[in-house]
Amino acid sequence: MEHSFTLISTLAAGFGIALVFGFIAEKFKIPALVGYLLAGVIVSPATPGFVADINIASQLSEIGVMLLMFGVGLHFSLSDLMRVKYIAVPGAVAQMGLATGLGLLVAHYWGWTYGQSLVFGLCLSCASTVVLLKALETKGILESHDGQIAVGWLVVEDIMTVLILVLLPPLAPMLGAEAVQSVESATPLWEIIAWTVGRVALFIFLMLVVGKRVLPWLLWQVAKTGSRELFTLCVLAVAIGIAYGASEVFSVSFALGAFFSGMVMRESKYAHRAAMESLPLRDAFSVIFFVGVGMMFDPMILVDKPLHLLAVLAIIILGKSLVAFGLVMLFRYPLHTALTVAASLAQIGEFSFILAGLGVSLGLLPQEGMSLVLAGAIISIAFNPVVFALVEPLRNLMKKRWKYARVLDAKSDPLSVMPDEEESKYLRGHMVLVGYNKVCEHIAKDLSERKVPFVIVEKDRNIVEDLRKNGLKAVCGDAIDPAILIQAHVQDAAMVILNFRDDILRRKVIETAKILNHKIEAVIMTSDDEIAVRAMTDHLGKVFDSNAVMAGSIVRYCMHRLGKAEEEKKFEEESEAEAEAAK
């Protein structure tokens with residue numbers, strides 16, 4: 001029996017069922033996004049039982065699109081993209097073109113028109129940034145060189161998809177959208193495109209020139225009030241207000257308006273706070289967005305068109321991955337980079353849904369196409385962790401069977417190698433700092449002032465690039481890898497200083513360092529009292545509890561201000577003598 005759900009009941013059912021299926025998905029190590037899509041299928045008209053109000057759900061989904069795109073813009077960094085532009089830009093453009101071509105050929109073989117086939121191919125060409133970030137974080141390679149390339153690649157895909165969303169409506173008549181053509185047939189196509197591009201260009205110009213000054217200033221003014229709820233309200237008002245205003249005044253999509261509002265707001269020093277404050281609402285409405293998308297899915301497509309679905313999955317999981325793998329290999333990047341990027345693209349997600357929804361509304365994509373896109377997304381996202389798990393076994397297999405793969409796999413990231421021009425006298429008896437943060441920054445500054453040589457080992461290649469630009473010796477990589485420690489010349493170092501949280505990794509680094517240099521002394525910094533006690537008990541090295549160090553510094557300052565510096569000095573000398581006697 002069907003029920004007409006109100007706004008409240010739609011939200012209650014959407015959130016409740018999404019929670020259950022999202023929880024089940026996470027338990028099976030599948031992205032929760034798959035659970036949200038399945039929740040939408042459960043409350044859709046295509047399945048028996050309760051039926052949510054699809055009109056209300058679609059409007060809530062629009063808000064989800066705005067906040068989702070606002071979040072993408074808020075985290076979009078042009079500087080990060082520029083670091084990998086030589087592989088990400090040409091690679092993403094070529095991969096989207098070839099994947100679209102595959103989808104177009106298959107759909108045209110099914111008897112669809114060229115316009116429908118083109119939109120269908122575009123839907124299959126763009127991967128989900130949300131799914132990728134989750135996968136890279138799970139594997140711990142988000143900040144690695146491979147991770148940066150994969151993220152940059154998908155950022156380029158996102159930008160291209162946004163442009164497609166802008167250009168598709170004016171191009172719709174030429175692609176065979178009869179409903180649109182009948183309304184605008186009197187206007188020449190070139191004039192429609194020129195007018196659309198002009199409006200978009202004006203909007204972007206105003207956002208980059210005016211918005212770049214106004215929005216950060218507005219955030220600063222609201223932040224000065226000290227009201228957290230007012231700050232959150234300001235962020236949401238800007239995100240949704242600009243998206244709606246862009247649509248009404250400039251005829252720009254909600255997605256583009258929200259994306260640029262987030263990108264411009266990123267210029268503010270309060271950008272991180274804006275991201276944190278808006279995160280709960282963005283997460284909530286993105287759930288509703290995926291539920292709304294799931295409501296448009298017809299499960300009968302699995303029964304009626306199984307071969308069509310297999311073709312779609314072949315394009316998404318195999319076709320896109322092979323194209324990306326070939327392109328990365330063509331650019332002569334290491335084998336592991338090619339496999340990581342290939343695995344990253346073996347799925348489709350939120351932009352595919354947005355594009356498919358626009359195609360359906362314009363009459364450029366049949367409902368069957370929408371269902372195929374949704375089914376392909378659900379299955380490919382669920383299968384993506386398996387694809388990533390196959391990267392390492394596949395890499396080993398290719399190295400055994402293919403000589404060229406062994407050659408490429410031997411290629412290393414240039415930042416993981418110490419430059420040849422470094423003088424050897426600065427790489428003997430030096431300090432090796434593992435992990436770079438604020439504390440290490442102060443240590444590095446003090447060592448530089450005292451002209452004590454040191455090398456920094458850091459996993460984040462952006463930090464390593466900045467350090468090298470500032471004239472510091474730094475190596476990019478995981479310190480557990482003996483090859484990375486050898487590049488830092490740990491075999492000739494006097495000390496290794498470790499400042500990161502993971503106690504197991506810390507012990508592995510110390511063990512590796514002592515295998516390479518049995519005389520090296522380890523210095524451990526930690527804010528965890530239990531870890532500090534264990535490290536001292538196991539004689540791992542000299543331990544500095546940051547809380548104790550901070551407390552000691554405050555006490556010394558207080559004693560100095562009270563004119564009792566001599567008494568404090570005497571107390572420290574006695575404490576050191578007692579510690580030596582205890583040893």
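The legends below describe several close-up views of a predicted model.

**View 1. A nonpolar surface patch that includes Val 210 of helix α10.** Seven residues, namely Leu 202, Phe 205, Leu 206, Leu 208, Val 209, Val 210 and Val 214, form a nonpolar patch on the surface of the predicted model, and together they offer about 550 Å² of accessible area. Val 210, one of these residues, belongs to helix α10, which covers residues 189-223. With a relative accessibility of 43%, Val 210 is classed as partly exposed.

**View 2. The bend in helix α8 and the glycine that comes after the helix.** Helix α8, made of residues 145-175, changes direction at Pro 169, where it bends by about 55 degrees. Of the 31 residues of α8, 23 are buried, and the helix is therefore largely enclosed by the rest of the structure. Just after α8 comes Gly 176, whose phi is positive, at about 100 degrees.

**View 3. The length of helix α18 and its bend at Phe 383.** Helix α18 holds 23 residues, from 367 to 389, and at 1.5 Å a residue it should span 33 Å. The C-alpha atoms at its ends lie 34 Å apart, which agrees with that expected span. At Phe 383 the helix α18 bends by about 40 degrees, and Pro 385 follows within four residues of this point.

**View 4. Aromatic rings of Phe 290 and Phe 353.** A search of the whole structure finds four aromatic pairs. In the pair formed by Phe 290 and Phe 353, the ring centres are 6.2 Å apart and the ring planes stand at 85 degrees, so the arrangement is edge-to-face, a term that applies to planes over 60 degrees apart. Because Phe 290 lies in helix α13 (residues 271-295) and Phe 353 in helix α17 (residues 350-361), the pair ties together parts that are 63 residues apart in sequence. Phe 290 and Phe 353 are both buried.

**View 5. An aromatic cluster of three residues.** Trp 110, Trp 112 and Phe 120 form one aromatic cluster in the predicted model.

**View 6. A salt bridge within helix α19.** The search of the whole structure finds two salt bridges, and one of them joins Glu 392 to Arg 395, with the closest N and O atoms 3.3 Å apart. Both residues lie in helix α19 (residues 391-401), and because they are three residues apart there, about one helical turn separates them. Glu 392 is partly exposed, with a relative accessible area of 41%, whereas Arg 395, with a relative accessible area of 18%, is buried.

**View 7. A salt bridge between a loop and helix α24.** The side chains of Asp 538 and Arg 507 meet in a salt bridge, in which the distance from N to O is 2.9 Å. Asp 538 is placed in the loop between α25 (529-537) and β6 (542-545), while Arg 507 is in helix α24 (residues 503-516), so the pair ties together parts that are 31 residues apart in sequence. Asp 538 is partly exposed, at 40% relative accessibility, and Arg 507 is also partly exposed, with a relative accessible area of 25%.

**View 8. Positive phi values at His 489 and His 539.** His 489, a residue other than glycine, has a positive phi near 55 degrees. This histidine, His 489, is found in the loop between α23 (482-487) and β4 (495-498), and at 23% relative accessibility it counts as partly exposed. His 539, likewise not a glycine, has a positive phi of about 55 degrees. The place of His 539 is the loop between α25 and β6, and with a relative accessible area of 67% His 539 is exposed.

**View 9. Contacts in space between residues that are distant in sequence.** Met 265 and Leu 215 are 50 residues apart in sequence, although their C-alpha atoms are 6.1 Å apart in space. Met 265 lies in helix α12 (residues 254-265) and is buried, at 0% relative accessibility. Thr 337 and Asp 146 are 191 residues apart in sequence, and the distance between their C-alpha atoms is 5.2 Å. Thr 337 belongs to helix α16 (residues 335-344), and with a relative accessible area of 1% Thr 337 is buried.

Methods. Residues numbered from 1 in each chain as written. Predicted model: local features only at pLDDT ≥ 70, side-chain atom pairs only at ≥ 80, totals over all residues. Heavy atoms only, no water. Patch = residues over 30% accessible without salt bridge, like charges linked within 9 Å, V, L, I, M, F, W, Y side chains within 5 Å. Areas by Shrake-Rupley, 256 points an atom, 1.4 Å probe, with all protein chains shown as cover. Salt bridge = Lys/Arg side-chain N within 4 Å of Asp/Glu carboxyl O. Helix = DSSP H or I, 4+ residues; strand = E, 2+ residues; numbered from the N terminus. Buried < 20%, exposed > 50% of the residue type's maximum accessible area, 1.4 Å probe, protein only. Expected span 1.5 Å × (residues − 1). Bend = angle between axes of the 7 residues up to and from the residue. Phe/Tyr/Trp six-rings, centres within 6.5 Å; stacked < 30°, edge-to-face > 60°.
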